[in-house]
Amino acid sequence: MAEKRPFDILNGSLNNTVIIGLKGGVEFRGTMVAYDVHMNLVLEKAEQLVNGEVKRGVGTVLLRGDSVVFISPS
Amino acid sequence: MAEKRPFDILNGSLNNTVIIGLKGGVEFRGTMVAYDVHMNLVLEKAEQLVNGEVKRGVGTVLLRGDSVVFISPS
Amino acid sequence: MAEKRPFDILNGSLNNTVIIGLKGGVEFRGTMVAYDVHMNLVLEKAEQLVNGEVKRGVGTVLLRGDSVVFISPS
Amino acid sequence: MAEKRPFDILNGSLNNTVIIGLKGGVEFRGTMVAYDVHMNLVLEKAEQLVNGEVKRGVGTVLLRGDSVVFISPS
Amino acid sequence: MAEKRPFDILNGSLNNTVIIGLKGGVEFRGTMVAYDVHMNLVLEKAEQLVNGEVKRGVGTVLLRGDSVVFISPS
Amino acid sequence: MAEKRPFDILNGSLNNTVIIGLKGGVEFRGTMVAYDVHMNLVLEKAEQLVNGEVKRGVGTVLLRGDSVVFISPS
Amino acid sequence: MAEKRPFDILNGSLNNTVIIGLKGGVEFRGTMVAYDVHMNLVLEKAEQLVNGEVKRGVGTVLLRGDSVVFISPS
C-alpha cells in the first residue's frame, strides 16, 4: 500500500467542496481552487459559517494558512 | 488548465475593493493598492468594520500580514 | 532497552483510532491514516467532540500540526 | 505606473501623525520618527487610545513590530 | 560542581511519574517514556487533570512540545 | 538629518526610568540597565503596575523580549 | 563601566530564589538551578503562586522558555 501524506488530502480536494476551520472558531465552506505549501487556500462560492449556520456569502476568499486549524472535504 | 496559486488572488485584486479579516475579528474594507510576500497589505479609502457595520473611515491603512486571517475580493 | 521517540507513537497509531486535542479545546476522534513531520494529521471516519460528546461527524479531516496539543491512541 | 510596496507607506509617514493598532485592541497616536524592517516603530508626542478616546499621553514610545496589527497615516 | 542543564530534568525523569502543564491550563500526569529536543513528550498510564482533579484516564498520550508550559517530576 | 532607528530609543534609555507594556496588559516601571537584540530587558528598582497603579515592588526584573509590546521613557 | 546583558541576571541568580512569571499569569517561586539560551529554567523547592498566594508545592520544575514573561531575583 502506498504511504499517504497529509497534503494528498489537499490535492484530492481541488475543485471540490471543503469546510475550513480557523483559529477563533470561524469556518468557511466553498470550492477549493488553490493551495500552497503554507496551507494558504482559495475558496470560490464560499460562505462564512458560525455555529454551522451560514452567516454570509463571500464569493472568493483567500485563507491564510497560519490561521487554518482543520480542512474537511464534504 | 493552468494551476492556480493563492497569491494570484492578491495580484488579481490590486486596485479593487477587498474585505480583510484580522485576528480578533476586526475587518477592513478598501481598495488594495499594495501587498508583499508576507501578506502585508495596503488599503486606500479604507473603512474599519465591526460586525459588518462601518465603525470609522481610516483613509490609507497598512495591515501587517501576521494578523491577516482572510482576504476576499468584493 | 531501545530508546523511544515521540514520533514512534504516531507511526504505531497509523490505521488505529486516536483522539486529537487542539488549541482552544476542540477534539477530534477518528482513524489516523497519515501524518508528517509537522504533525499535520489526517483522520478518517472522524467525529468532532465537545466536552467528550460527539458534536458532528466530519468524515475525512486534515488537522494542521500547529494547532495540535495532544494525540492519544484510544 | 510604478509598483507600490507596503513599506512605502512607512517611509512616506516619517515625521507625520499615524495611528497604530496593536494586538489586544490598544492604539497609539503620535508622530512616527523611526521604523525598521521588523515594523518596530517609534512615535513622539504619543497618546494611548482606548475606544478612540485618549487614555494618557506617553511622550516617546517604541512599539514592538510583533504586536503591530495596522498602521494608518492620519 | 558540574553545570546543570534544563534537559537533564527530562532525561532524569524517564520512566518516572511527571506532571505536565499545558497552555490553556490543562495538565496531564503519567509515566514519561519518551521526549525529543522540541519537548514533545510521551506519557503512559496518563490522566488528564483539571484543577488538580482527575478528569479522565487517557492511557498513552503524545504531548506536542509547543504547548508545554512546565514539567514537574512528582 | 541623521536617520533614526528604533533601537536608538533603547540605547538612549539606559540608566533612565522606562515604562514597559507586556502582552496581557501588565506593565513594569523601573530603571533600564540592560537590553539585547531580542528586546530582552533588565529593570532595577522596578514596580509592577496594574491599571497605572503600583501593584508591588519587584527590585530587579528580567523581561523577555517576546512579551514586550511597548517601551516608553518616562 | 562594563556593559550589562540581560542573561547576566540569569547567571547571577543561579542557586538563588527567583520568581518566574509565565504567560497566562501563573507564577512560580523557587531556587533556580539551571537555565539555557532559550530561557528554559529549572527551579527546585518550587511553589506555584496564584495572585501572590502559594497554590501548591511542586518540588522540582522545568519551565519552558517560550512561556516565560519575567524573571525576578527575590
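**Two interfaces, E with C and B with D**

Hi everyone, let me start right at a strand pairing: Leu62(E), in β4(E), is the bridge partner of Ile71(C). Before I go on, please keep in mind that this is a predicted model. That residue pair belongs to an antiparallel pairing between β4(E) and strand β5 of chain C, residues 68-73, made over two bridges.

Now let's step back to the whole contact. Chain E brings 20 residues to it and chain C brings 19. Together they bury about 1500 Å², and carbon and sulfur atoms account for 58% of that. Who gives up the most area on the chain E side? Leu62(E) is there again, along with Arg56(E) and Arg64(E), and these residues together make up 40% of what chain E buries against chain C.

On to the charged pairs. There are three salt bridges between chain E and chain C. One of them joins the side chains of Glu44(E) and Lys4(C), at 3.5 Å from N to O. Nine residue pairs are in polar contact across this interface, both residues being at pLDDT 80 or more. On chain E, the elements that give two or more residues to this side are β2 (27-35), β3 (41-50) and β4 (53-63). β4(E) has the largest share, six residues. By class, that side has 11 nonpolar, four polar and five charged residues.

So how do the two chains relate? A turn of 51 degrees with a shift of 0.0 Å along the axis lays chain E on chain C, at an RMSD of 0.0 Å. Yet the copies meet through different surfaces, because only 5% of the interface residues of chain E are also interface residues in chain C.

Let me turn to chain B and chain D. Here 20 residues of chain B are in contact with 19 residues of chain D. The buried area is about 1500 Å², with 58% of it on carbon and sulfur atoms. Arg56(B), Leu62(B) and Arg64(B) supply 40% of what chain B buries against chain D, more than any other three residues.

Three salt bridges cross this interface. Arg56(B) meets Glu27(D) in a salt bridge through their side chains, at 2.7 Å from N to O. The strands take part as well: β4(B) and strand β5 of chain D, residues 68-73, run antiparallel and are joined by two bridges. Within β5(D), Ile71(D) is the bridge partner of Leu62(B).

That's my tour, and I'm happy to go back to any of these residues on the screen. Thanks for listening!

Definitions and conventions:
Residues numbered from 1 in each chain as written. Chains lettered and ligands numbered in written order. Predicted model: local features only at pLDDT ≥ 70, side-chain atom pairs only at ≥ 80, totals over all residues. Heavy atoms only, no water. Least-squares fit on C-alpha atoms with pLDDT ≥ 70 in both. Contact = heavy atoms within 4.5 Å. Buried area = accessible area lost by both parts, 1.4 Å probe. Salt bridge = Lys/Arg side-chain N within 4 Å of Asp/Glu carboxyl O. Polar contact = N/O pair within 3.5 Å; in protein donor to acceptor, adjacent residues only side chain to side chain. Helix = DSSP H or I, 4+ residues; strand = E, 2+ residues; numbered from the N terminus. Nonpolar A, V, L, I, M, F, W, Y, C, P; charged D, E, K, R; others polar. Pairing = 2+ DSSP bridges.
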